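Trainee: I would be grateful for a close look at a single part of this structure, with its surroundings described in order. Please give the cut-offs behind each term as it arises.

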Amino acid sequence: MNYRHAFHAGNHADVLKHAVLLLCLDSMLRKAAPISVLDTHAGRGLYDLSGEEAQRSPEWLAGAAKVFDWDAPPPALATYHRALRSLNRDQLGQYPGSPWLAAQALRPGDSLSLCEKQPQECAALRRVRLPDGALLRQRADIHERDGYEALRALLPLPHARALILIDPPYEQEDECARAALALRGALQRMRQGVFIWWRPLKHAALVDGADAELNAETAFPALRLDLTVRSNALPGLGASSLLIINPPFALRETAPALLSGLCARLGQDPWAKWSVTPLAS
Ligand SMILES: C[S@@+](CC[C@H](N)C(=O)[O-])C[C@H]1O[C@@H](n2cnc3c(N)ncnc32)[C@H](O)[C@@H]1O
């Protein structure tokens, strides 16, 4: 396990993932009934953008920094933009990971479980503070454990209205297949849950195959969101994809505005493109 998210924090893929996470939470939090959130691959929760890792090849400059500097972002990005601004004053110096974003959005009575397998990353996660000064660990159950195993052990979550983020590092060649298998099992345990599964689009055929198989086997309503910011022939990650199973209705409505806005703002060359694809209904 060598992956450190600090090298990539705030890049275009994080922007897409975190904006969608907040849109889903916004929608779910409109109802009074409590919700549960599980983040299977949580990372360290908060990233210092002046640190050595984030400075080595500062991917966030072409991602979150562009949203942070946006004076009038589209309404679909308003919650994400507000979260970045609430953490930073004039300049983007810290980047919030998914645990921080979820924790600051949730209400008393909601539940948050975070899994991180890498001991140092998990220790850092336990030290994260929230905007009101509370420690993240006072608001969340933090587990130093395997996120796939947690999907079997922790589901069903305490509240029936639930969001599950699956955001692996894809260090292993078979990680896409492993995540798809874990997701299929998790769907059996929490059929009504909103699942957000993040995938790099390096080898699109792999992701297409996983989606087709999932769709054929489960036929759950799902929405696939793809964002390409530059040609895949260039080094580094140029495109990413989210599969959202049981997507909140509001996300179906706002996704095209979100994706087109991000593509216009973050696109780097003529290969920049976006798509919103319903997989079943
Ligand atoms: C892409 S990062 C997560 C980023 C985070 N979800 C966010 O959006 O801010 C993936 C994380 O998963 C951790 N990890 C790797 N394998 C894992 C496993 N089997 N279970 C749980 N965490 C794992 C890595 O240490 C890394 O911190």
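**The sheet and the helix across it**

Mentor: Proline 156 lies in the loop between H8 and S6 (helices, H or I of at least four residues, and strands, E of at least two, are DSSP runs numbered from the N terminus). This is a predicted model, in which local features need pLDDT of at least 70 and side-chain atom pairs count only at pLDDT 80 or more, while totals for chains, interfaces and linings use all residues. Residues are numbered from 1 along each chain as its sequence is written.

The peptide bond from leucine 155 to proline 156 is cis, with omega near 0°. Beyond this loop, S6 takes its place in an open sheet of 8 strands with mixed pairing, whose order is S5-S4-S1-S6-S7-S9-S8-S10 (two strands pair if DSSP finds at least two bridges between them). S5 (141-143) and S10 stand at the edges with a single partner strand each, so one side of each has no neighbour in the sheet. On average, neighbouring strands are turned by 15° against each other, direction ignored. At one end of the order, S4 (residues 111-115) pairs with S5 in the parallel sense over 3 bridges, and leucine 114 has isoleucine 142 of S5 as its bridge partner.

S8 (residues 222-228) merits particular attention. It pairs in the antiparallel sense with S9 (residues 239-245) over 7 bridges, where alanine 222 is partnered by isoleucine 245. With S10 (residues 273-280) the pairing is also antiparallel, over 7 bridges, and leucine 227 has tryptophan 274 as its partner there. In S8, 7 of the 7 residues are buried, so the strand is largely enclosed by the rest of the structure (buried: 20 or more other C-beta atoms within 10 Å of the residue's own; exposed: 12 or fewer; partly exposed: in between; C-beta atoms are placed from the backbone). Ala222, Arg224, Asp226 and Thr228 are buried on one side of S8, and Leu223, Leu225 and Leu227 on the other.

H9 (residues 175-189) lies across S6, S7 and S9 and runs at about 175° to S7 (axes are lines fitted to C-alpha atoms, for helices over the stretch in contact; angles run from 0 to 180 degrees between N-to-C directions). Buried residues of H9 include Cys176, Ala179, Ala182, Leu183 and Leu187. Seen down the helix axis, its buried residues fall within an arc of 165°, so they line one face (the arc is that of the directions from the axis to the C-beta atoms). Among the elements that cover them are H8 (147-154), S7 (194-200) and H10 (204-218).

Phenylalanine 195 links several of these elements. Leaving aside neighbours within four places in sequence, its contacts are Ile164, Ile166, Leu183, Ala186, Ile244, Ile245 and Asn246 (contact: C-beta atoms within 7 Å). Phe195 and Ile244 are also among the residues with the most contacts inside the largest nonpolar core, which has 87 residues (a set of buried Ala, Val, Leu, Ile, Met, Phe, Trp, Tyr and Cys joined through C-beta atoms within 7 Å). H1 (residues 12-28) gives the largest share of this core, 11 residues.

Two loop residues complete the account. Asparagine 246, between S9 and H11 (249-266), has phi near 55°, a positive value in a residue other than glycine; with 18 C-beta neighbours inside 10 Å, asparagine 246 counts as partly exposed. Tyrosine 170, in the loop between S6 and H9, likewise has phi near 55°. Tyrosine 170 is partly exposed, with 18 other C-beta atoms within 10 Å.

Notes: Two residues are in contact if their C-beta atoms, placed from the backbone, lie within 7 Å.
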